[in-house]
There are 2 protein chains.
Amino acid sequence: MYNIAAAQSGGPTSAINASLAGIFKKASQSPEIGKIYGSINGIEGMINGNLVPLDSILTSEHDIELLKKTPSTVLGSCRYKLAEYDPNDSRTEAEYMRIINTFEEYEIKAFFYIGGNDSMDTVMKLDRYCKAVGKDIKIIGVPKTIDNDLPETDHTPGFGSAAKYVATTLQEIIRDSRVYSIQSITIVEIMGRNAGWLTASSCVLRANGEPAPHLIYLPEAFPQGFDMERFLGDVERMMKRYRAVIIAVSEGIVPTDRQYVKTGADAFGHTDNSGVAKYLEHRCSERFGCKVRSIELNVMQRCSSHIASLTDIEESERIGSAAVDCALAGNSGRMMGYRRISNEPYRIEIVSFDVAQAANKEKYLPAEWITDDKCDVTPDALNYFLPLIQGEVTTEYRNGIPVHFRLNQ
Amino acid sequence: MYNIAAAQSGGPTSAINASLAGIFKKASQSPEIGKIYGSINGIEGMINGNLVPLDSILTSEHDIELLKKTPSTVLGSCRYKLAEYDPNDSRTEAEYMRIINTFEEYEIKAFFYIGGNDSMDTVMKLDRYCKAVGKDIKIIGVPKTIDNDLPETDHTPGFGSAAKYVATTLQEIIRDSRVYSIQSITIVEIMGRNAGWLTASSCVLRANGEPAPHLIYLPEAFPQGFDMERFLGDVERMMKRYRAVIIAVSEGIVPTDRQYVKTGADAFGHTDNSGVAKYLEHRCSERFGCKVRSIELNVMQRCSSHIASLTDIEESERIGSAAVDCALAGNSGRMMGYRRISNEPYRIEIVSFDVAQAANKEKYLPAEWITDDKCDVTPDALNYFLPLIQGEVTTEYRNGIPVHFRLNQ
């Protein structure tokens, strides 16, 4: 019998805690596993020996259910990058040795790291170090990111919930935008610096006959930069068809004419750090003179667990559970992933692969899913996204406000 | 037997359609009432004779239930201000006569206008005109606004749902903001130009033991302007107590040192129209050098019907129903309102009063509910707000996306 530890890393999502719940439940049921530790603030907790005994914190089925519906990372997070281990440079080894000390002190033989591209780099390096120095510790990566940009896996835990938030909120914004009899343009900025998956997912509204968003702009469509005249032409074309034009734009869109100069606005010389939607708002306002509004969905798209996708939360729990199985089967240096078996009915299976295939890599929307006019996606994209937002979670409310699981409760 | 018409005006909320549903249901059950019309785009529909027969559009109980959960205004809206009627100036009468023509053409004897302060001006003027020219048409105002700034009524339909959205979203943002081990400041901008009700309502989180938001800034607290040094002092004080400081700020806060100068950012000379939270973000970032984020809740706070307050939706329906009773009892020139009977248990009754008491007036948060240090509210405020966000609506989903009632369905 040996102990295990889990940690969470990178940007928050609504499903990271569901994966932790999956690891915890499976490990609790596994006779091979003794204590289950949580490392505070990702790998930093392993370096500093800052662990909490999850067994004595998650003490009931209700605690676990609450944890699954709590957004963000109950164990905290980090953006810490391990140095590449170099056997000829003792300085690079010090940090790894501190981690190994923590493993040994707590008799931990398996470590689960829930995170995105950067976190998979940590999994890869830590696994390589353990193998190099002959330590039999299983290091397993559990993916998560609302960006959906991890290679190999069909989609990532957390993405479906973010997409469901975007779809729900967009549908409501569309209602809001249509009230007046005047021409208007609404530009909604959605997360995704290099990969436009989440922005593209806004096409799901069409499954219910909603034509909006009328224009969808993804970073993948503009490797040569985003041409403003072409954009304004697209908008003008849509204004002829729709009184209230709705535009979904990825935060990663970079207009070629945008000058990131300092603004005198606040007399402190801060550079203009507003998003691309605000910039496009200014340009549309100047060109068309009609009502233009920009909306940033901001962190709400990654933490609105009250509107999480049940499919996503259930899959995220399953992938955590499968990660424990993967370690118990003797594997290490693996990242868990989803493989889609069929779309109708929607079925997936959980697989694992060499974490080096995902670490530090980004997966982009297939080029063939972007329409030739670069301002929309194809029905193939809709078919891919739609199953991921199905089902609603049952949120627990106290005093009319969602209840979350907290470590210090 | 006579016909009636209803219209919706002003900014959208999640509860305006519930009031329309209340009017429709009550009128359908009233033997005195024949046809029920909807005027498209508020009073503009009455001026232009643009009416739809609601009886043939809302054809089932399911339609009505869906309407109650549909945000914004199903009949469209307007920002149209009627001219003051002057019997000595024939030009001012032309518009009123067009409205009267519509009333007579459709045999309408009662008109219900769902709206905010400006809409109550329309109710008042139209009622006065009808009385002046001897037309027996009942004109009744049904309040709505997320700003909660209408006089006489305890609170306004639509406010509770906006407050529930703010509370839910803030609780999730708080989770999101606490993940890293570093100091951070999160500034959330909430609607309310002159009245800080909605921002103040963020205090409800304390009912569940949540200390955040740690600072709450309302326009009412700063009649002399918002002093930046004092604000930065407040933030610094909170940074000593909390690693992740959360600040709720009303969009109507005007920093005294803010210079609304033109920005060179987009090379088009647009003035800086970003919100106060973005400005405060810059100032905190410059002073403290830590991670600072600003979030605008934008239109989501007025249209997120999937997280509407059940109390609000039910009361909004009841107030619409009561408006029909009020007209049937022979009243005109009245605005409906809520009177709070008790807090525990929470009970209200629906009343009406002379619309002139509300038209064009704003109600502000009581000065005694603002703490002496001007950066928080008292427990009295919490007791006032808490009942208004209780209960959750059951949203209907199709393909994982909320279904809304649409006129053209």
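To compare two copies in this predicted model, their C-alpha atoms are superposed by least squares, using residues with pLDDT of at least 70 in both. Done that way, chain B drops onto chain A with an RMSD of 0.0 Å, after a turn of 180 degrees and a shift of 0.0 Å along the axis. The two copies are thus related as by a two-fold rotation axis. The contact between them tells a matching story: 100% of the interface residues of chain B are interface residues in chain A too, so the copies meet through the same surface.

Next come the aromatic rings. Searching the whole structure turns up 34 aromatic pairs over all chains. Take A:Trp197 and A:Trp369: their ring centres sit 6.2 Å apart with the planes at 90 degrees, and since an angle over 60 degrees counts as edge-to-face, that is what this pair is. The two residues come from distant parts of the chain, 172 residues apart. A:Trp197 belongs to helix H7 (residues 197-200) of chain A, while A:Trp369 lies in the loop between strand E11 (346-354) and helix H12 (379-385) of chain A. Both are tucked away from solvent, given that buried means under 20% relative accessible area: A:Trp197 has 3% relative accessibility and so counts as buried, and A:Trp369, at 13%, counts as buried as well.

Over in chain B, B:Trp197 pairs with B:Tyr384 in a tilted arrangement, with 5.5 Å from centre to centre and 45 degrees between the planes. Here too, distant parts of the chain are linked: B:Trp197 is in helix H7 (residues 197-200) of chain B and B:Tyr384 in helix H12 (residues 379-385) of chain B, 187 residues apart. Both B:Trp197 and B:Tyr384 are buried. Back in chain A, A:Trp197 and A:Trp369 join A:Phe159, A:Tyr384 and A:Phe385 in one aromatic cluster.

Helix H6 of chain A covers residues 159-177. With 19 residues, H6 reaches 26 Å from its first C-alpha to its last, close to the 27 Å expected at 1.5 Å a residue. What surrounds this helix? As 19 of the 19 residues of H6(A) are buried, the helix is largely enclosed by the rest of the structure.

Finally, the nonpolar interior. The largest nonpolar core has 138 residues, and A:Ile185 and B:Ile185 are the ones with the most contacts inside it. Leaving aside residues up to four places away in sequence, A:Ile185 touches a varied set of neighbours, among them A:Val235, A:Met239, A:Val245, A:Ile247 and A:Phe288. Its contacts also include A:Cys284, A:Cys290, A:Lys291 and A:Arg293.

Notes:
Residues are numbered from 1 along each chain as its sequence is written. Chains are lettered from A and ligands numbered from 1 in the order in which they are written. This is a predicted model: local features need pLDDT of at least 70, side-chain atom pairs count only at pLDDT 80 or more; totals for chains, interfaces and linings use all residues. Side-chain values use heavy atoms; hydrogens and water are left out. Contact means heavy atoms within 4.5 Å. Rings of Phe, Tyr and Trp (its six-membered ring) pair if their centres lie within 6.5 Å; planes under 30 degrees apart count as stacked, over 60 as edge-to-face and the rest as tilted. Helices (H or I, at least four residues) and strands (E, at least two) are DSSP runs, numbered from the N terminus. Buried means under 20% relative accessible area, exposed over 50%, partly exposed in between (1.4 Å probe, protein chains only). The expected span of a helix is 1.5 Å times one less than its number of residues. A nonpolar core is a set of buried Ala, Val, Leu, Ile, Met, Phe, Trp, Tyr and Cys residues joined through side-chain atoms within 4.5 Å.
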